[in-house]
Amino acid sequence: TFKELGMKEEILKAIEELGFEFPMPIQEKVIPYMENNTNDLVALAQTGTGKTAGFGLPILQKIDVSVLKTQALVLAPTRELCVQISNDLKNFSKYMKGLKVVPVYGGEDIVKQLRQLDTPPQILVATPGRLIDLIERKKVNLSFVNFLVLDEADEMLNMGFKEDIETILSKTPENRQTLLFSATMPKEIANIARKYMKDYEEIAVGKRNAGAENVEHIYYVVQARQRYLALKRIVDLNPDVYGIVFCRTRQETKEVAEHLMKDGYNADALHGDL
């Protein structure tokens, strides 16, 4: 249980309210490791395996709420993940008085984010590009960071953030604990681990490069002219379905949506012309 993992009472109270009782496999491995080690960690885990609590709970255990300096930095590839991590950490720390978690990401008014940073948060969750912008504006100081998390590191590299990540790593203290989470282990990730991480442990949860276990994949082979009829059949067999139909072109998107609406289904199209 989380109690046996030695969580503080205020954290236990918050996560019990969220329905957390028994740790997931990644949490079972990462939480005790962080409790007992200051060495770095590379963890291979898919999205949806509970890794935010895996790194978030032990970081919350070690944050000094009386110190108004950024002590933990979490880097994520997208604004959606950034917001999700930030909300999770806020929920976990609901009863920790004086703890501030701030997400910063591109695509949102920077003035609002600058205001949130007037008092430095103990935990900053950021996308790489926006963080560098804020560092250049002297609005973020990473020199007190004890914990640096690279979440979905393979995605960050796929999105071209390699140089940004290296710039950010160079702004943090050498004695920080770095935690790298990735679904896959391409050689670029191995290079970052070798170059910037010290005596790191590697933890793998599930099979390398495996999909999430609670997702079932089904495919049907049909002739092109039968595709729409097959789609209708699937929808009819699952009357309460919520689904996304991906099409190759905008025109196809419009046509499929129009056919579905004409046939009485609750559907709509989403494409780049809108």
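Which residue in E6 does Val 42 stand opposite? In this predicted model, the partner is Leu 180. That pairing is a good way into the structure, so let us begin with the whole protein and then come back to the strand.

**The protein as a whole**

The chain has 274 residues, and 43% of them count as buried. Its secondary structure consists of 11 helices and 7 strands. Measured out along the principal axes, the C-alpha trace covers about 65 × 45 × 40 Å. Among contacts with a separation of 6 or more, 70% join residues 24 or more positions apart. The accessible surface is about 15,900 Å², and carbon and sulfur atoms make up 49% of that area. As for charge, there are 35 positive and 39 negative ones, and their mean positions lie 4 Å apart.

**Strand E1 and its neighbours**

Strand E1 covers residues 41-44, and both of its faces are covered. Leu 41 and Ala 43 are buried on one side, while Val 42 and Leu 44 are buried on the other. E1 pairs with two strands, shown here with a facing pair of residues for each.

| Partner of E1 | Direction and bridges | Residues opposite each other |
|---|---|---|
| E6 (residues 177-182) | parallel, 4 bridges | Val 42 and Leu 180 |
| E7 (residues 201-204) | parallel, 4 bridges | Leu 44 and Ala 204 |

**Two charged residues, two settings**

Lys 51 belongs to helix H3, which takes in residues 51-62. Is this lysine buried or exposed? Lys 51 counts as buried because its relative accessibility is 6%, under the 20% cut-off. Its side chain makes a polar contact of 3.1 Å with the side chain of Asp 151. Leaving aside residues up to four places away in sequence, Lys 51 touches Ile 26, Ala 45, Gln 46, Asp 151, Glu 152 and Phe 181. One of these, Phe 181, brings us back to E6, the strand of residues 177-182 that pairs with E1.

Glu 35 sits in helix H2, residues 25-36. Its relative accessible area is 28%, so Glu 35 is partly exposed; that class lies between the 20% and 50% cut-offs. With residues up to four places away in sequence again set aside, Glu 35 touches Leu 5, Pro 58, Gln 61 and Lys 62. Among these, Pro 58, Gln 61 and Lys 62 fall within H3, the helix of residues 51-62. Looking further afield, the C-alpha atom of Glu 35 is 48 Å from that of Arg 248, a residue 213 places away along the chain.

Key:
Residues are numbered from 1 along each chain as its sequence is written. This is a predicted model: local features need pLDDT of at least 70, side-chain atom pairs count only at pLDDT 80 or more; totals for chains, interfaces and linings use all residues. Side-chain values use heavy atoms; hydrogens and water are left out. Buried means under 20% relative accessible area, exposed over 50%, partly exposed in between (1.4 Å probe, protein chains only). Helices (H or I, at least four residues) and strands (E, at least two) are DSSP runs, numbered from the N terminus. Two strands pair if DSSP finds at least two bridges between them. A polar contact is a pair of N or O atoms within 3.5 Å; within protein, one must be able to donate a hydrogen and the other to accept it, and residues adjacent in sequence count only if both atoms are side-chain atoms. Contact means heavy atoms within 4.5 Å. Accessible areas come from the Shrake-Rupley method with a 1.4 Å probe; for residues, only the protein chains shown count as cover. Lys and Arg count as positive and Asp and Glu as negative; His and the chain ends are not counted. The place of a charge is taken as NZ of Lys, CZ of Arg, CG of Asp or CD of Glu.
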